[in-house]
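This report looks at how a ligand is held and at the empty space left within the protein.

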Amino acid sequence: MRNLIDIKRLTVSEINSIINRAVEYKSETAESIRGEISYNSGIIDFAKFGERLYRANSCFGKTACMMFFENSTRTKCSFSMAAQKLGMNIIDFDTKTSSFSKGESLKDTIENLCYIGVNTFVIRHSEDNIVDKIAEKTDCSVSFINAGDGKNAHPTQALLDYMTMLEKLGTVVGKKVTILGDIAHSRVAKSNIALLNKMKAEVHLFAPEYFVPENKADYDGVWESDYDSAIKDADVVMLLRVQNERLNSEELNSSRAYKDMYCLTSDRLEKYAPNAIIMHPGPVNRDVEISSELLDSKKGKTILEQARNGVYVRMAVLENGVE
Ligand code: CP
């Protein structure tokens with residue numbers, strides 16, 4: 001059973017393998033093979049499908065448990081969609097009506113669910129490193145996928161972002177990827193920085209002082225002192241959500257000015273980075289990180305393509321977990 005906890009633990013070859021498989025799923029080839037296995041099992045042609053048939057079938061009938069202690073639209077729904085496409089059973093674990101309210105620990109909950117028959121846990125939580133800790137503590141043959149832990153990591157977001165960049169640019173090697181905004185509270189930034197450096201992109205970073213992380217030196221990229229220089233001639237402008245729910249009152253006060261100074265508009269983009277693709281992990285704070293007119297324009301559609309690629313990347317990640 002393989003876990004996906006943090007991009008930092010993946011090799012370049014493992015990242016490439018996940019992306020290649022996601023691309024294969026997106027092309028619908030593997031998906032249509034699985035359809036034949038699950039719905040018309042009488043017509044399987046092993047000689048024709050060989051290895052791919054085996055791999056496509058590895059998740060069929062297995063069970064994925066979605067444990068989301070923090071809200072989510074894209075990650076939860078695309079993991080659920082991915083699991084369905086792979087023929088998995090899904091338990092949508094309801095944290096509010098579960099026995100957590102009676103004081104049951106996460107470890108005990110997970111172990112009971114293992115014995116009930118869960119094979120893969122997809123966990124989102126507000127606490128940094130909790131998925132890693134629970135995977136260490138749990139004595140069951142299951143896989144754990146980190147769907148976002150606190151301010152620490154969001155590995156599948158970085159993978160789907162990378163897939164989207166490859167589709168648009170062909171490669172990220174030597175490309176200027178600028179990540180801007182609330183870097184201090186962003187797990188998306190951390191995972192993308194880790195992945196993009198492994199893949200030899202040129203990472204640039206900008207945050208207003210109230211969103212600069214305390215351990216700035218640990219963020220591997222060129223720190224820019226000005227928003228417009230940061231995006232100048234970028235190939236990718238990756239905006240981050242202002243994470244209001246994670247800000248203390250002082251940060252919240254400072255961040256109110258963010259939209260006036262750092263909202264990306266079509267005019268600003270045209271002036272400094274006319275050829276850049278625009279990315280954002282979502283959910284977007286309209287007219288804060290990006291103007292509505294840019295978001296709703298053709299350029300803004302890349303953000304929806306990121307969400308779509310999330311389904312295929314998560315199929316590949318789920319499959320890795322049960323192989
Ligand atoms: N990008 C992302 O994680 O979105 P959700 O919070 O909606 O899952």
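## Ligand shell

Around the ligand stand Ser-72, Thr-73, Arg-74, Thr-75, Arg-124, His-154, Gln-157, Pro-281 and Gly-282, each with a heavy atom within 4 Å of it. This is a predicted model, in which local features need pLDDT of at least 70 and side-chain atom pairs count only at pLDDT 80 or more, while totals for chains, interfaces and linings use all residues. Residues are numbered from 1 along each chain as its sequence is written, and side-chain values use heavy atoms, with hydrogens and water left out.

The shell draws at least three residues from each of domain 1 (7-153 + 310-322) and domain 2 (155-307), with bounds from an automatic or database domain assignment.

## Polar contacts and cover

Among the polar contacts (pairs of N or O atoms within 3.5 Å), one places a ligand oxygen 2.6 Å from an N or O atom in the side chain of Ser-72. A ligand oxygen also lies 2.8 Å from a polar backbone atom of Thr-73, and a ligand nitrogen is 2.8 Å from a polar backbone atom of Pro-281. The protein covers 92% of the 260 Å² of accessible area that the ligand has on its own (Shrake-Rupley method, 1.4 Å probe).

## Enclosed space

The structure holds one cavity of 30 Å³ or more, where a cavity is a set of points on a 1 Å grid at which a 1.4 Å probe fits but cannot get out. The largest cavity has a volume of about 40 Å³, and its lining includes Arg-74, Gln-157 and Pro-281.

Key:
Polar contact = N/O pair within 3.5 Å; in protein donor to acceptor, adjacent residues only side chain to side chain. 1 Å grid on protein atoms, 1.4 Å probe; cavity = no way out; pocket = protein on both sides within 12 Å on 5 of 7 lines; lining within 4 Å. Points joined across faces, edges and corners; volume = space filled by probe spheres on them.
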